[in-house]
Amino acid sequence: MGTRSMIAIQNPYSKDVRAVYCHWDGYLEHNGSLLQKHYSASPKVNNLIALGDLSSLRPEIGEKHAFSQFEVPKDEQEAFKAATENMCTFYGRDRGETGQEFKVFPTLKKAQDYFEGSWCEYLYVFKYKKSDDYQSGEWHFKKIGGRWKKLAPALAKLKAEDCA
C-alpha cells in the first residue's frame, strides 16, 4: 500500500499553489528526503510539478520510459530497472494517462483543505524565501490533521541511514 503525498509550490506573488499527487513513499524518510536533497531549486520543482501526478518520486525527473518493468520484455527488465532507478515515474508522461495534470489552488489554505479531504498522508510545499528571488526557497510539510513544519529541521532529527 502506498503512502500518498501531495507535492506543491506556492507562487510568491499571486500566492496560488500548483500541486501534484504522488502515490508511493510519501513519508519524510523518502519523499521528504528526496525533495530536500534533489528539488531545492525552484526551476527543478516547477519542472517536476509541470509533468503532473506521479507514481513515484526519484532523484531525477528523467525522461519518458515504460511505466513498469513488466511492460518491457523479460530479458530487458534488469537493464530497464538499472536505467530508470533514479527517474520519476509520471502517470501522464510514462503511462499516457489523461487528467493527471497539476491542480491549481488560489491559496495555500484551499490546497490544504483539498489535502485534508484526500487520501494523502503528507503535504509538501516549496515556498520562496523572498518574493523577488525565484531561485531559493524551502520546503514545508504537514501530516494530515497536523501543523506546518519546516522540512529541513524535521529531516535533521532522523537517522541519515533511514533516509533516501
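I take strands to be DSSP runs of E, at least two residues long, numbered from the N terminus. With that settled, I placed Ala-8 in strand E1. The model I am working from is predicted.

**Entry: Ala-8**

I looked up how covered Ala-8 is. Its relative accessible area is 0%, so I list Ala-8 as buried. Leaving out residues up to four places away in sequence, I found Ala-8 touching Val-17, Arg-18, Ala-19, Ile-49, Tyr-124, Val-125, Phe-126 and Trp-139. I also checked one long separation along the chain: Gln-100 is 92 residues from Ala-8, and the two C-alpha atoms are separated by 14 Å.

**Entry: overall layout**

I counted six helices and eight strands in the protein. Read from the N terminus, the order is β-β-α-α-β-α-β-α-β-α-β-β-β-α. The radius of gyration is 16 Å, close to the 15 Å from the globule rule for 164 residues, so I note the protein as being as compact as a globular protein of that length. The C-alpha trace spans about 50 × 40 × 30 Å along its principal axes.

I then looked at contacts between residues at least 6 apart in sequence; of these, 63% join residues at least 24 apart.

**Entry: surface and charge**

Of the 164 residues, 45% are buried. I have the accessible surface at about 8800 Å², with 52% of it belonging to carbon and sulfur atoms. For charge, I list 24 positive and 22 negative side chains. The centres of these two sets lie 8 Å apart.

**Entry: the nonpolar cores**

How many residues does the largest nonpolar core have? I find 25. The residues with the most contacts inside this core are Ile-7, Tyr-39, Leu-48, Leu-54, Leu-57, Tyr-124 and Trp-139. At least two core residues come from each of strand E1 (5–10), strand E2 (17–22), helix H1 (28–38), helix H2 (42–50), strand E6 (122–128), strand E7 (137–143) and helix H6 (151–156). E6 gives the most, with four residues. Apart from this core I found another, of eleven residues, with Val-17, Ala-19, Leu-123 and Val-125 among them.

As background, I note that nonpolar side chains in soluble globular proteins tend to be buried together.

**Entry: Trp-139**

I looked up the neighbours of Trp-139, again leaving out residues up to four places away in sequence. Trp-139 touches Ile-7, Ala-8, Leu-35, Gln-36, Tyr-39, Ser-40, Val-45, Tyr-124, Val-125, Phe-126, Lys-150 and Leu-151.

**Entry: Leu-54**

Leu-54 lies in strand E3. Its relative accessible area is 0%, so I enter Leu-54 as buried. The C-alpha atoms of Leu-54 and Ile-7 are separated by 9.6 Å, with the two positions 47 residues apart along the chain counted as their distance apart. Beyond residues up to four places away in sequence, Leu-54 touches Ile-7, Val-20, Tyr-21, Cys-22, His-23, Leu-48, Cys-88, Thr-89, Phe-90 and Tyr-91.

**Entry: helix H1**

Which residues of H1 are buried? I list Leu-28, His-30, Asn-31, Gly-32, Ser-33, Leu-34 and Leu-35. The elements covering them include E1, E2, H2, E6, E7 and H6.

**Entry: His-65**

I found His-65 in the loop between strand E3 (54–56) and helix H3 (77–84). Is this loop residue buried or exposed? His-65 has 10% relative accessibility, and the cut-off for buried is under 20%, so I count His-65 as buried. With residues up to four places away in sequence left out, His-65 touches Phe-80, Thr-84, Met-87, Cys-88, Thr-89, Arg-93 and Asp-94.

**Entry: positive phi**

I looked up two residues other than glycine with a positive phi, beginning with Lys-15, where phi is about 70°. Lys-15 sits in the loop between E1 and E2. Its relative accessible area is 43%, so I record Lys-15 as partly exposed.

For Asp-25, phi is near 60°, also positive in a residue that is not glycine. I located Asp-25 in the loop between E2 and H1. Asp-25 has a relative accessible area of 21% and is therefore partly exposed.

Key
Residues are numbered from 1 along each chain as its sequence is written. This is a predicted model: local features need pLDDT of at least 70, side-chain atom pairs count only at pLDDT 80 or more; totals for chains, interfaces and linings use all residues. Side-chain values use heavy atoms; hydrogens and water are left out. The radius of gyration is taken over C-alpha atoms; the globule rule is 2.2 Å times the number of residues to the power 0.38. Buried means under 20% relative accessible area, exposed over 50%, partly exposed in between (1.4 Å probe, protein chains only). Contact means heavy atoms within 4.5 Å. Accessible areas come from the Shrake-Rupley method with a 1.4 Å probe; for residues, only the protein chains shown count as cover. Lys and Arg count as positive and Asp and Glu as negative; His and the chain ends are not counted. The place of a charge is taken as NZ of Lys, CZ of Arg, CG of Asp or CD of Glu. A nonpolar core is a set of buried Ala, Val, Leu, Ile, Met, Phe, Trp, Tyr and Cys residues joined through side-chain atoms within 4.5 Å.
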